[in-house]
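Here are my notes on one residue and on the helix that carries it. Please read them alongside the model.

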Amino acid sequence: MEDSARASKREIAARNTAAESWRAFPARQQPDWPDPRALRAVTDDLAAAPPLVFAAECDRLRRRMAAVARGEAILLQGGDCAETFGHATADAIRGKLQTLLQMAVVLSHATALPVVKVGRMAGQYAKPRSSAVEERAGVVLPSYRGDAVNGLEFTEAARVPDPRRLRAMYEASARTLNLVRALTTGGFADLRQVHAWNEGFVAASGAGARYAQLADEIGRSLDFMRACGVDTRGLATAEFFVGHEGLLLDYEAALTRTEPATHAEPEGALAPASGRAYATSGHLLWIGERTRDLDGAHVEYFSRVANPIAVKLGPTTSPDTVLALLDRLDPDREPGRLTFVVRAGADRVRDLLPTLVEKVNAEGALVAWVSDPMHGNTTTAPSGHKTRRFDTVLDEVRGFVEVHQELGTHPGGIHVELTGDDVTECVGGGNAVLEEDLPHRYETACDPRLNRAQSLDLAFRLAEMYRGS
């Protein structure tokens, strides 16, 4: 009884430390909530709500990310720039999941390596902004910071931060996770159904036709395995994780939990040790380029939770900054704990990345290196639409892989903004979108995303790079 009471006190202390210590540090990119009491009522409610993900799942992903860091697996992370409540539909979620599954098949077939699949889903409802305000025709209003904070409509009422949206984010994330879990375990993700994922897609896309050929090859291999008596039932499900930028610290703190060790994982690893705190809003959370201050609240918070975490590194990142982040976030040098996501831009990645990788390697740290080829390559089209050119995105990925090839290190994977819909937001790709096409289906709430054909095209191009290495 006394041991149980002491354990409970340790868990409460761990949660309180992780959930509260960041408040003593400067927190950038946080909304200016107009009613602190309303915010407290919502976060108290969330603090009593069930976790969205579980500590054992987070630990499982840490082991998968350790394999990525060792060069034994590849990370594929993708999804919306900014999820919206209105587009958290079954069709939209199914489309993103299907696109990621197809990309994973392409990469795994080419490399003979497992692909760790992480959706940029079930929590990507908040966005950092370069300016606190937006001006249109002389009218100045607060910037849209994602559906978790305020509305996209350019009206004074919509742009007021509303803490009730945090509860709506939790509910939308729960619905998304429920559907993802049902799809990945209920037959939708069955590798034996690789052709079904391509329905209605082949005729309109060169990448789709290429995928159909790959699906034929996989189907013949599976037929051969079954003819030889191999049990293929294990291919009926897919392991899938979710993640988002851990931007809104009031939300993340409210969903911080501790869980005692009560069971063993199938692989023999124990469930989380008593007293360890976890951010239960997602499996893999990351710190953005604008919030990775070493003395800031985000680094403080994430230094105290046991999830696998990532940090975005932009073109001005110095080696000293990377080493300091390593010391703060992964002091014990545990493989799988830390991922560096490089978003340098196609024109800078070949110059920036080698020194960063070499400095981290010299410290004896085994981190996962991942390319974000989207955020450093945003331009504005003559029509005024923000866009990204597929060839530029591809060039940054190529530069990322080339650097690792030259250093003899592992290019750990990619982190991309994509959708399963046939949007016209990025220019180029196998089923080329032209600049004049941008207004046709420009649906993003923030930054431009690759559509399904462009995403699959990128997967084939990346597979060729891995095969070449």
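1. Leaving aside neighbours within four places in sequence, E396 is in contact with ten residues to check: V342, R343, A344, G345, A346, V349, S371, D372, P373 and N377. Keep in mind that the model is predicted.

2. One of these partners deserves a closer look. The backbone nitrogen of A344 sits 3.1 Å from a polar atom of the E396 side chain.

3. Is E396 buried or exposed? Its relative accessibility is 0%, and buried means under 20%, so E396 counts as buried.

4. E217 is another glutamate to place relative to E396. The two are 179 residues apart in sequence. In space, 30 Å separates them, C-alpha to C-alpha.

5. E396 belongs to helix α11, which spans residues 390-407. This helix packs with α12, residues 452-468. The angle is about 25°, and the axes lie 11 Å apart. Angles under 35 degrees count as roughly parallel, and therefore α11 and α12 are roughly parallel to each other. Their crossing is right-handed.

6. Which residues make the contact between the two helices? From α11 come F390, L394, V397, R398, V401 and Q405. From α12 come Q454, D457, L458, R461, L462, M465 and G468.

7. The character of that contact is mixed. Its residues divide into seven nonpolar, three polar and three charged.

Key
Residues numbered from 1 in each chain as written. Predicted model: local features only at pLDDT ≥ 70, side-chain atom pairs only at ≥ 80, totals over all residues. Heavy atoms only, no water. Axes fitted to C-alpha atoms, helices over the stretch in contact; angles between N-to-C directions. Helix = DSSP H or I, 4+ residues; strand = E, 2+ residues; numbered from the N terminus. Parallel < 35°, antiparallel > 145°, perpendicular 65-115°, else oblique. Left-handed = near helix turned anticlockwise from the far one by under 90°. Contact = heavy atoms within 4.5 Å. Nonpolar A, V, L, I, M, F, W, Y, C, P; charged D, E, K, R; others polar. Buried < 20%, exposed > 50% of the residue type's maximum accessible area, 1.4 Å probe, protein only. Polar contact = N/O pair within 3.5 Å; in protein donor to acceptor, adjacent residues only side chain to side chain.
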